[in-house]
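Dear colleague,

I am handing over the structure we spoke about, together with some notes on what came out of going through it. Please have the model open beside you as you read.

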Amino acid sequence: MPTIANAHNDLIHDAVLDYYGKRLATCSSDKTIKIFEVDGENHKLVETLVGHEGPVWRVDWAHPKFGTILASCSYDGKVLIWKEENGRWAQIAVHAVHSASVNSVQWAPHEYGALLLAASSDGKVSVVEFKDNGTIAPLVIDAHAIGVNSGSWAPSIIQEGPGAQQIRRFVTGGADNLVKVWKYNQEAHTFVLEESLEGHSDWVRDVAWSPSILLRSYIASVSQDRTCIIWSQEHTGGPWKKTLLQQNKFPDVLWRASWSLSGNILALSGGDNKITLWKEDLQGKWEPAGEVQE
């Protein structure tokens, strides 16, 4: 496994490969974002992006159909959009509608267009559409009573039947211990609450919607309470089923959850400095599929 050492001067909070797995973006409490070219075991630092005024929590690459574009979010309450053209990086947009730390950013499935979801400690989420003419159109939604720690888009689904239309949904996790599912309402021209899911006894630190559209929908939520819950839905609009990933609590707080591109492997990271992998067996039970320890 290749290791990139001494890249930042403080804690690294996120590391994300682009669509092709050729570039790695990292971000840190040192207020910078680093871009690396990755080729097998080799890597090269190609750019350091500076613009945030606080720790940078997360980064996310847009789909390549929109160009080489990266979003970053920070404790400074801002989302910055970066773009590379002809080998040069530049900041092309600032999204600054939140009054507190922006804790997560994620680009929507490319079928939705250039939509970005941001979650903030001010209790709000914002959905920003970046239009072809360079303008942005944000929606700001009161999402959780305290703060929002994470947001994740659902995969693109077309509703069957007469007047078939695209269903846009996302999930959020908050400091009120809740997981909430949101759905776009055409008449209201905004996202409305579809379901509020209770199961955690402490802050929900991360939520991740599986990108798979086979069989059913899956959401993983991880919490300060040292548990991971898998929420499953057989069909859009149906009830959500709650399943504890394992009956015993994890050794420490769980910080992040991430699905494989195919949606059949779940990775969890926690305060014990381990990454554990999980998969669902044919009987619907979740079992360990590996472990990485640093």
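Is aspartate 206 buried or exposed? At 1% relative accessibility, aspartate 206 counts as buried, although please keep in mind throughout that this is a predicted model. Its partner is arginine 256, with which aspartate 206 forms a salt bridge whose closest N and O atoms are 3.3 Å apart. The pair links distant parts of the chain, since arginine 256 belongs to strand E23 (residues 254–259) and aspartate 206 to strand E19 (residues 204–209), 50 residues apart. Arginine 256, for its part, is partly exposed, with a relative accessible area of 26%.

The search of the whole structure gives 10 salt bridges, and two others may be worth your attention. Glutamate 234 and arginine 216 form one of them, with the closest N and O atoms 2.9 Å apart; because glutamate 234 lies in the loop between E21 and strand E22 (240–244) and arginine 216 in the loop between E19 and E20, the pair ties together parts that are 18 residues apart in sequence. Arginine 216 counts as partly exposed, at 23% relative accessibility. Salt bridges that share partners also join Asp14, Arg58, Asp206 and Arg256 into one network.

The side chains of lysine 78 and glutamate 53 meet in a further salt bridge, at 3.9 Å from N to O. Lysine 78 sits in the loop between strand E6 (68–74) and strand E7 (79–85), and glutamate 53 in the loop between strand E4 (42–50) and strand E5 (56–61), so this pair ties together parts that are 25 residues apart in sequence. Of these two residues, lysine 78 is partly exposed at 25% relative accessibility, whereas glutamate 53 is exposed, with a relative accessible area of 57%.

Aspartate 18 is a contrasting case, being buried yet without a salt bridge: the nearest side chain of opposite charge, that of arginine 23, is 4.9 Å away, and a salt bridge would require a nitrogen to oxygen distance within 4 Å. Aspartate 18 lies in the loop between strand E1 (12–17) and strand E2 (23–28), where its side chain reaches the backbone nitrogen of lysine 22 at 2.9 Å. Beyond its neighbours within four places in sequence, aspartate 18 is in contact with Arg23 and Trp61.

Serine 104, in strand E9 (residues 102–107), is likewise buried, at 1% relative accessibility. Its side chain reaches the backbone nitrogen of glycine 151 at 3.2 Å, and the contacts of serine 104 outside its neighbours within four places in sequence include Arg58, Cys73 and Asn149.

Two residues that are not glycines have a positive phi. Arginine 226, at about 70 degrees, is in the loop between strand E20 (217–223) and strand E21 (228–233) and is partly exposed, with a relative accessible area of 33%. Asparagine 273, at about 65 degrees, is in the loop between strand E24 (265–270) and strand E25 (274–280) and is exposed, with a relative accessible area of 54%.

As to the overall layout, the protein is divided into domain 1 (1–142) and domain 2 (154–293), and their centres, taken over C-alpha atoms, are separated by 22 Å. The contact between them takes 14 residues from domain 1 and 18 residues from domain 2. An unreviewed UniProt entry lists "repeat: WD" at residues 49–92 and 197–232; over residues 49–92 the chain is 0% helix and 61% strand, with the end C-alpha atoms 12 Å apart.

With best wishes

Definitions and conventions:
Residues numbered from 1 in each chain as written. Predicted model: local features only at pLDDT ≥ 70, side-chain atom pairs only at ≥ 80, totals over all residues. Heavy atoms only, no water. UniProt positions renumbered as here; feature names shortened; annotations may be inferred. Helix = DSSP H or I, 4+ residues; strand = E, 2+ residues; numbered from the N terminus. Buried < 20%, exposed > 50% of the residue type's maximum accessible area, 1.4 Å probe, protein only. Lys, Arg positive; Asp, Glu negative; His and termini not counted. Polar contact = N/O pair within 3.5 Å; in protein donor to acceptor, adjacent residues only side chain to side chain. Contact = heavy atoms within 4.5 Å. Domains from an automatic or database assignment.
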